[in-house]
Amino acid sequence: MSSQELSRENEPSTEHDGEGENRQFRARIVSFAARSTRLKGRQEKAWAELAPLYILSPERQMSKTSIAAHERLDIAKVFGREGARTVVEIGSGQGECVEHAAVSHPDTNFLPIEVYMPGLASTLHRIKRTGVANIRMIQGDAAEALNHYLPEQSIDELWVFFPDPWHKSRHNKRRLIQPEFPPKAARVLKPGGTWRLATDWVEYAKQMVEVIDASPYFDRVETSERFEGRPLTSFERKGLAKGRVITDLTYTRNDVPLSQEDIASFELIHQEVGSTPDVLDAE
Ligand SMILES: C[S@@+](CC[C@H](N)C(=O)[O-])C[C@H]1O[C@@H](n2cnc3c(N)ncnc32)[C@H](O)[C@@H]1O
């Protein structure tokens, strides 16, 4: 696997892409907020050394976090092996969970998806520290990765742990788990595959249950137990310190095929060019 295959634009940057009148913006609302791309000390070092090897940076369409419509990921090629189980973690943050998982399960491929560059850089530092060989990271919007970048029925497990709660009611529309999301998750999961979620925001947990229970593609596994593969992250620790209650949810992808309507909806994401910048786009 060459570093060129793995990375096309891994240079740290605080600049916007294509400033000026030709710049395109998403019309769609995204689930992440603008945050700094500045890397500190060991993050910067890990990025310079390892990003070309471990960060998958597909061609962009509109912004630095978008994934061009024609991009398709060859999972066996990027991991250099066939037939391994593959787990995708959306919003991997500082990489605490994926590091723990990759060390415990060297035979499994782990594909974290994250838009936050310092988080990706911290995960690179963890890769360096532990020497794990079974992580490749997607730098980009998970909604777009699931929509068209990841192959259909290629994933054994999908993890969404502590997605941004967007707790103010005027921001609820930014939550990742909205009715349009389960069809995307259903597209990439193998029949019988598992979707795990966790949140420390009770209202969001209710929304997750409402939205995913209403999807024809998923069956809820009746258990309230904490997934043993989910270590305590600093994000969860802060929530617990504030007295928040953690909800773990598990769903199984059943064998209901995707409807024609949902398949058609995957095309729509590419027509969502807006004319005004999304002020909360994370760049
Ligand atoms: C609240 S943090 C939780 C991080 C981690 N899962 C944990 O438990 O510590 C949510 C993370 O999701 C990322 N995120 C939000 N929306 C995303 C999206 N559409 N695609 C990729 N990452 C996203 C954010 O950048 C942030 O790092």
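A residue is called exposed here if 12 or fewer other C-beta atoms lie within 10 Å of its own, buried if there are 20 or more, and partly exposed in between. With that yardstick in hand, a short tour of this predicted model can begin. Ser234 has 10 C-beta neighbours inside 10 Å and therefore counts as exposed. This residue belongs to helix 9, which covers residues 234-241. Phe235 is also found in helix 9, but with 16 C-beta neighbours inside 10 Å it counts as partly exposed. Leaving out residues up to four places away in sequence, Phe235 touches Gly93 and Phe162. Both Ser234 and Phe235 appear in the UniProt feature "binding site", taken from an unreviewed entry, together with Lys168, Asp200, Thr233 and Glu236.

From helix 9 the tour turns to the sheet. Eight strands make up an open sheet with mixed pairing, and their order is 2-5-4-3-6-7-9-8. Strand 2 (55-56) and strand 8 (218-220) each have a single partner strand, so these two stand at the edges with one side left without a neighbour in the sheet. Strands of a sheet pair through backbone hydrogen bonds, in either a parallel or an antiparallel way. Strand 3 (residues 86-90) and strand 4 (residues 109-114) run parallel and are joined by five bridges. Along this pairing, Val88 stands opposite Leu111 of strand 4, and Ile90 stands opposite Ile113 of strand 4. Helix 4 (residues 96-104) packs on the sheet, where it touches strand 3, strand 4 and strand 6 (155-161). The direction of helix 4 makes about 175 degrees with that of strand 4.

Strand 4 deserves a second look. In a regular strand the side chains alternate between the two faces of the sheet. Asn109, Leu111 and Ile113 point one way from strand 4, while Phe110, Pro112 and Glu114 point the other way. Six of the six residues of strand 4 are buried, so the strand is largely enclosed by the rest of the structure.

Glu114, which lies in strand 4, leads to another annotated group. An unreviewed UniProt entry gives the annotation "binding site" to Glu89, Glu114, Asp141 and Asp164. These residues span 76 residues in sequence, yet no two of their C-alpha atoms are more than 14.0 Å apart, so they gather at one spot. Glu114 has 28 other C-beta atoms within 10 Å and is therefore buried. Beyond its neighbours within four places in sequence, Glu114 is in contact with Gly91, Ser92, Gly119, Leu120, Met137 and Gln139. Asp141 sits in the loop between strand 5 (137-139) and helix 6 (142-149). Asp141 has 28 C-beta neighbours inside 10 Å and so counts as buried. Not counting residues up to four places away in sequence, Asp141 touches Val30, Thr65, Ser66, Ile67 and Val115.

The last stop is a pair of helices. The axes of helix 2 (residues 41-54) and helix 5 (residues 117-130) come within 8 Å and cross at roughly 80 degrees. The two helices are therefore roughly perpendicular to each other. Helix 2 contributes Arg42, Gln43, Ala46, Trp47, Leu50, Ala51 and Tyr54 to the contact, and helix 5 contributes Pro118, Ala121, Ser122, Leu124, His125, Ile127 and Lys128. By character, the residues of this contact divide into nine nonpolar, three polar and two charged.

Notes. Residues are numbered from 1 along each chain as its sequence is written. This is a predicted model: local features need pLDDT of at least 70, side-chain atom pairs count only at pLDDT 80 or more; totals for chains, interfaces and linings use all residues. Two strands pair if DSSP finds at least two bridges between them. Helices (H or I, at least four residues) and strands (E, at least two) are DSSP runs, numbered from the N terminus. Two residues are in contact if their C-beta atoms, placed from the backbone, lie within 7 Å. Axes are lines fitted to C-alpha atoms, for helices over the stretch in contact, and angles run from 0 to 180 degrees between N-to-C directions. Angles under 35 degrees count as roughly parallel, over 145 as roughly antiparallel, 65 to 115 as roughly perpendicular and the rest as oblique. Ala, Val, Leu, Ile, Met, Phe, Trp, Tyr, Cys and Pro count as nonpolar, Asp, Glu, Lys and Arg as charged, and the others, Gly among them, as polar. UniProt positions are given in the numbering used here, feature names are shortened, and annotations may be inferred rather than shown by experiment.
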